[in-house]
Amino acid sequence: MKIIGIDIGGMSAKAGIVNENGEILYKRTVVTEKETSSGVFISDMAHLTFDLLADAGLTLNDIDGIGLGFPGSINDEKGIVRYCCNLNLRNVEFVKLFKSSLNFKKPVMISNDANCAVLAEAKFGAAKGAKDVVMFTLGTGIGTGIISGGRLITGNASAGSEGGHTTLIMGGKQCGCGRKGCFEAYASATALLNQTKEAVEKNPDSLLAEKVNAEGLSGKVPFDCAMLGDRTALEVVRNYTKYLGEGVVNFCNIFYPEIVLLGGGVSNQGDNIVRPLQRYIDLNVYGREYNPKIKVAVAAMGNDAGIIGAAALCLQ
Ligand SMILES: [Zn+2]
């Protein structure tokens, strides 16, 4: 079986030919631009597909399906891209137009990239074999991907699973979505940077301030300084972990997954974020005395998760 998976981003689109074991056989990347009209964008994706097939010495007849993951709001069932971050796509009947531009009769599936990521992990990665998985991608915002009872949960018109915009603190910090106090305003990588910056301003004599001034602001610096025992950094990490823990426990109490996965920039901290989050869940999830333990792990698919997850849309 050969599926084409295309991982679309604001800067580039990465395409791969993926087999049923989640292995990428061939790969190709093109640049994407914000100004490109939807018609040109679709023809660019068709060219990408044909170029990839040419690399592999294959034709569309050899392909069993094409999956595409987008950073935005997608109607999976109707194949419509409602909105896409950093790309000029608004209410585009993508699947219909893409299929006709390729003259492809087999399935073309589209979804949000957070959904693709959790599918890739549940099929081939850190949650392989699990039927109940919640994944949090901690980057600019927070993306959530939910698999419950073996099914991807997306809600009516696939408009749901926007866990980053559940309220963590009523009337709290301004979120990019227009509301206040969202989970992502407290526990995304961007939020961690803001919390670090505030701590540095309040504690200019700390090791954290010294390192930030020398190395620049990053999500890594507070973790590094906390390891060295810096009080200011320890407080940043402790508070951040608590925000993340509170948000994650909310999802655990609804979905009670077998495994919670972390992706995105913050997950690069590995055990430094997994261990405290594991402890937080163990201590706070409802029914902790008698229910099975919920495991926390870092996503395993790395840079290729987007391609494999998009292809996995055709393997559900
Ligand atoms: Zn929000």
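The paragraphs below lead through a predicted model, beginning with its domains and moving on to its zinc site and its salt bridges.

The chain is divided into two domains, and the way the sequence is shared between them deserves a careful look. Domain 1 is made of residues 2-119 together with residues 304-315, whereas domain 2 covers residues 128-299. The centres of domain 1 and domain 2, taken over C-alpha atoms, are separated by 29 Å. Where the two meet, 11 residues of domain 1 are in contact with 14 residues of domain 2, and together the domains bury about 920 Å² between them, with 59% of that area on carbon and sulfur atoms. On the side of domain 1, A114, N115 and V118 supply 49% of the area that this domain buries against domain 2, which is more than any other three residues supply. Across this interface the rule finds zero salt bridges.

We can now turn to the zinc ion. Its protein donors are one atom each from four residues, namely ND1 of H165 and the SG atoms of C175, C177 and C182, and these lie 2.1 to 2.4 Å from the ion. The angles among the four donor atoms run from 105 to 121 degrees, and the site is tetrahedral; the reason is that four donors count as tetrahedral if all angles lie between 85 and 135 degrees. Along the chain, the donors follow the spacing H-x9-C-x1-C-x4-C. Within this set, H165 and C182 are 17 residues apart, and both are found in the loop between β11 (151-152) and α4 (184-187). How do these two residues stand with respect to the surface, buried or exposed? C182 has a relative accessible area of 0% and is therefore buried, while H165, at 27% relative accessibility, counts as partly exposed.

The last topic is the pairing of charged side chains. A search of the whole structure finds 10 salt bridges, and a few of them can be followed one by one. K27 forms a salt bridge with D304, and the closest N and O atoms of this pair are 2.8 Å apart. Because K27 lies in strand β3 (residues 24-31) and D304 in the loop between β13 (295-298) and α10 (305-312), the pair ties together parts that are 277 residues apart in sequence. K27 counts as partly exposed at 47% relative accessibility, and D304 also counts as partly exposed, at 25%.

A second example is found within a helix, where the side chains of R275 and D271 meet in a salt bridge of 3.2 Å, taken from N to O. These two residues are four residues apart in helix α9 (residues 271-284), which means that about one helical turn separates them. R275 is exposed, with a relative accessible area of 51%, but D271 counts as partly exposed at 44%; the line between these two classes is drawn at 50%.

K96 and E93 form another salt bridge, in which the closest N and O atoms are 3.8 Å apart, and this pair still counts because the rule accepts a side-chain nitrogen of Lys or Arg within 4 Å of a carboxyl oxygen of Asp or Glu. Here K96 is exposed at 56% relative accessibility, and E93 is partly exposed at 41%. Finally, salt bridges can also join into a group, as they do for R28, D51 and D55, which are linked in a network.

Methods
Residues are numbered from 1 along each chain as its sequence is written. This is a predicted model: local features need pLDDT of at least 70, side-chain atom pairs count only at pLDDT 80 or more; totals for chains, interfaces and linings use all residues. Side-chain values use heavy atoms; hydrogens and water are left out. Donors are N, O and S atoms within 2.8 Å of the metal (3.2 Å for Na, K and Ca); water is not among the atoms, so sites may look incomplete. Four donors count as tetrahedral if all angles lie between 85 and 135 degrees; four count as square planar and six as octahedral if opposite donors are over 155 degrees apart and all others between 65 and 115; anything else is irregular. Buried means under 20% relative accessible area, exposed over 50%, partly exposed in between (1.4 Å probe, protein chains only). Domain bounds come from an automatic or database domain assignment. Contact means heavy atoms within 4.5 Å. Buried area is the accessible area (1.4 Å probe) that two parts lose on being put together, summed over both.
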